[in-house]
Amino acid sequence: MDWLLVILSLIVLWIASLCKIIHTSSSPSRTFFLSNGGAFCKKNVLLVVAHPDDESMFFSPTISYLISRGHNLHILCLSIGNADGMGNARKHELYKACAVLKVPLQKVNVLDRPELQDGFGQIWDHNLLARIIKEEVSRHEIDVIITFDGYGVSGHCNHCDVHYGVRRLLQENPQSLQAWELVSYSFSLFSFLFLIMSEVFYFQVSYVVCSYYMFR
């Protein structure tokens, strides 16, 4: 009897999670994401991440969507992710992932600056981040920035700092740029397990679920 209640609870949580995804994917943000009055408009887009593997773990559905729609996507990775001494290997893994995701390697910029090292105890200066991102925006005539929200999905401080670096840039250039953030969601263990079971469906729509204006 107890197992039956557990199974029923899991099914209810799974259905609720899927309903939430479906409802959000049909929201107005889907219609106006990277569009001009509902019409398609090719954009120069900059994805800003903190570490190699961020692009695959958190943004691969968004990347696939942007590439499939013909947008001009650039990726700025602000560190090589060297917290465990594996930075060079992770950097090459990022290049391989981008090749699979059909992002040309000449459009991928991976930095390795002493002020921006990977780690939970490493605080990144928001003004420095804003300057670096601004240079990338100017170099590629970027129209749209995509990055983490204030929680950074996993709560990693480097993810959060990237968000606030982009916000600092937007505060300095309020009219010239559009920015979208990956919205962090918290799920219970049971709903997480059932989301794994439905991961194919989830990733088909997550690029819409996770895309909202940073200032709304």
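**Strand 4**

I began with strand 4 and found both of its faces covered: Asn72, His74 and Leu76 are buried on one side, and Leu73, Ile75 and Cys77 are buried on the other. I note here that the model is a predicted one. In a regular strand, side chains alternate between the two faces of the sheet. The count for strand 4 is six buried residues out of six, so I cite the cut-off too, under 20% relative accessible area.

Next I looked up the pairing. Strand 3 runs parallel to strand 4, and six bridges connect the two. Val48 has Leu76 of strand 4 as its bridge partner. Strand 5 is also parallel to strand 4, with three bridges between them. On that side, Leu76 stands opposite Asn109 of strand 5. I then traced the connection and found that strand 4, helix 5 and strand 5 form a β-α-β unit of right-handed sense.

**Cores**

Which residues touch the most other members of the largest nonpolar core? I listed Leu47, Phe59, Ile63, Leu73, Ile75, Val103 and Ile146, out of 23 residues in that core. Two or more residues each come from strand 3 (44-49), helix 4 (60-68), strand 4 (72-77), helix 5 (87-100), strand 5 (108-110), strand 6 (144-148) and strand 7 (178-182). There is also a second core, separate from this one, with 22 residues, among them Leu116, Trp124, Ile145 and Leu169.

I took Leu73 of strand 4 as a sample. With residues up to four places away in sequence left out, Leu73 touches Val45, Leu47, Ile63, Leu66, Ile67, Val103 and Lys107.

**His156**

I moved on to His156, which sits in the loop between strand 6 and helix 7 (157-172). Is His156 buried or exposed? His156 has a relative accessible area of 9%, which is under 20%, and therefore it counts as buried. Its side chain reaches the backbone nitrogen of Asn158 at 3.0 Å. Apart from neighbours within four places in sequence, I found His156 in contact with His51, Asp118, Gly119, Phe120 and Tyr151.

**Helix 7**

I checked the length of helix 7, the helix that follows the loop of His156. Helix 7 has 16 residues and spans 23 Å from first C-alpha to last, close to the 22 Å expected at 1.5 Å a residue. I recorded its buried residues as Cys157, Asn158, His159, Cys160, Asp161, Val162, His163, Gly165, Val166, Leu169 and Leu170. Asn158, whose backbone nitrogen is reached by the His156 side chain, is one of these buried residues. Leu169 is another, and I had already entered Leu169 under the second core.

What do the buried residues of helix 7 pack against? I found strand 3, helix 3 (54-57), helix 6 (126-140), strand 6 and strand 7.

**Positive phi**

Last, I looked up two backbone angles. Lys102 is not a glycine, yet its phi is positive, near 70 degrees. Lys102 belongs to the loop between helix 5 and strand 5. Its relative accessible area is 64%, over the 50% cut-off, so I entered Lys102 as exposed.

Glu141, also a residue other than glycine, has a positive phi near 50 degrees. I placed Glu141 in the loop between helix 6 and strand 6. At a relative accessible area of 61%, Glu141 is exposed.

Key:
Residues numbered from 1 in each chain as written. Predicted model: local features only at pLDDT ≥ 70, side-chain atom pairs only at ≥ 80, totals over all residues. Heavy atoms only, no water. Core = buried A, V, L, I, M, F, W, Y, C linked by side-chain atoms within 4.5 Å. Buried < 20%, exposed > 50% of the residue type's maximum accessible area, 1.4 Å probe, protein only. Helix = DSSP H or I, 4+ residues; strand = E, 2+ residues; numbered from the N terminus. Contact = heavy atoms within 4.5 Å. Polar contact = N/O pair within 3.5 Å; in protein donor to acceptor, adjacent residues only side chain to side chain. Pairing = 2+ DSSP bridges. Right-handed = clockwise from strand over helix to strand, strands pointing away. Expected span 1.5 Å × (residues − 1).
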